[in-house]
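Here is a brisk report on one protein chain. Keep the structure open while reading.

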Amino acid sequence: MNLSKQIKKHRERLSLSQEGLAEKLYVSRQTISNWENEKSYPDVHNLLLLSVLFDVSLDELVKGDVEQMKETIEKTAMDRYTKIMLVFTLLAALSVGPALFLPGHWWIAPPLCFWLVSMYAALKIEKIKKTQNIKTYKEIVAFMENQDLDAIRKKRDIKKDFLSKTVIVLVFALIVGMLAWLSTLPHLLMRRQKTGLSCFYDEAATTCVFFNSMISST
């Protein structure tokens, strides 16, 4: 953050120690130390006091920091929406089996609801990616890990990016499909048992009819 350097520079310009600046702002010396070492960030009230004390505009004081703050917020939101998308996609797949026990066409409701939530999160992620001009999965990882995006953008290969995206989507779809199929096994086994019992009862009834006819003929 640029503010830490600005505070130290203007403090030294005014020949103030950390303790002297702390007294003027009614905060502790440790608070000033934390600001200058980027361990914490002043609130709006203290930013305004610093601006007046150093006789500089607030824009100059926090120049460059606002964009970093936005990126931090974006990264937090992106991480949250990614987790939401993954969790609700898995829930949509795993809910297929239990939902089959619902009457009529109601079985489609639970998976659909989970899927809609995951799609909403996916759209939010795409919006964040477009806002940050992130075009590839490598750039997303770099963005999340605070790496240099410009260097990665120079190495961008559209064909490779498309291929990697396709592979990732196909593998993810395959995993989700397998989970959905596995979740339906209890329902399929129950249907098979019912079918088996039905056949058993039909055979038993046929046998009884046969013996009854034999007895009556004698």
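## Thr-89 in helix H6

Thr-89 sits in helix H6, which spans residues 65-94. This is a predicted model. Is Thr-89 buried or exposed? Thr-89 is buried, because its relative accessible area is 11% and the cut-off for buried is under 20%.

The side chain of Thr-89 does not point at nothing: it reaches the backbone oxygen of Met-85, at 2.6 Å. Thr-89 also has partners farther along the chain. Setting aside neighbours within four places in sequence, it is in contact with Ser-118, Phe-172 and Val-176.

## Aromatic pairs between H6 and H8

How many aromatic pairs does the structure hold? There are 2 aromatic pairs. One of them joins Tyr-81 and Tyr-120 in an edge-to-face arrangement. The ring centres are 6.5 Å apart, with 75° between the planes. Tyr-81 belongs to helix H6 and Tyr-120 to helix H8 (residues 109-131). The two are 39 residues apart, so this pair links distant parts of the chain. Tyr-81 is buried, at 16% relative accessible area. Tyr-120 is partly exposed, at 47%.

Phe-88 and Phe-114 form a tilted pair. Here the centre-to-centre value is 6.0 Å and the planes meet at 50°. Phe-88 lies in helix H6 and Phe-114 in helix H8, so the pair ties together parts that are 26 residues apart in sequence. Both rings belong to partly exposed residues: Phe-88 has a relative accessible area of 24%, and Phe-114 has 26%.

## A charge over a ring

Tyr-81 has another partner. The charged end of Arg-80 sits over the ring of Tyr-81. It lies 5.2 Å from the ring centre.

## Helix H3 and its cover

Helix H3 runs over residues 29-36. Which residues of H3 are buried? They are Ile-32, Ser-33, Asn-34, Trp-35 and Glu-36. The cover over these buried residues includes helix H1 (2-13), helix H2 (18-25) and helix H4 (44-54).

Just after H3 comes Glu-38, with a positive phi of about 60°.

## Positive phi in two loops

Most residues other than glycine have a negative phi. Ser-15 has a positive one, near 55°, and is not a glycine. Where does Ser-15 lie? Ser-15 is in the loop between H1 and H2. Ser-15 is exposed, with a relative accessible area of 68%.

Asp-55 is not a glycine either, and its phi is positive at about 60°. Its place is the loop between H4 and helix H5 (58-61). Asp-55 counts as exposed because its relative accessible area is 68%, and the cut-off for exposed is over 50%.

## Confidence

What is the average pLDDT of the protein chain? The average is 78. A score of at least 70 is reached by 71% of the residues.

Confidence varies between elements. Helix H9 (residues 137-144) has the lowest mean pLDDT among the elements of the chain, at 56. H2 has the highest, at 94.

Note on methods. Residues are numbered from 1 along each chain as its sequence is written. This is a predicted model: local features need pLDDT of at least 70, side-chain atom pairs count only at pLDDT 80 or more; totals for chains, interfaces and linings use all residues. Side-chain values use heavy atoms; hydrogens and water are left out. Helices (H or I, at least four residues) and strands (E, at least two) are DSSP runs, numbered from the N terminus. Buried means under 20% relative accessible area, exposed over 50%, partly exposed in between (1.4 Å probe, protein chains only). A polar contact is a pair of N or O atoms within 3.5 Å; within protein, one must be able to donate a hydrogen and the other to accept it, and residues adjacent in sequence count only if both atoms are side-chain atoms. Contact means heavy atoms within 4.5 Å. Rings of Phe, Tyr and Trp (its six-membered ring) pair if their centres lie within 6.5 Å; planes under 30 degrees apart count as stacked, over 60 as edge-to-face and the rest as tilted. A charge sits over a ring if NZ of Lys or CZ of Arg is within 6 Å of the ring centre and within 35 degrees of the ring normal. pLDDT is the predictor's confidence in each residue, from 0 to 100.
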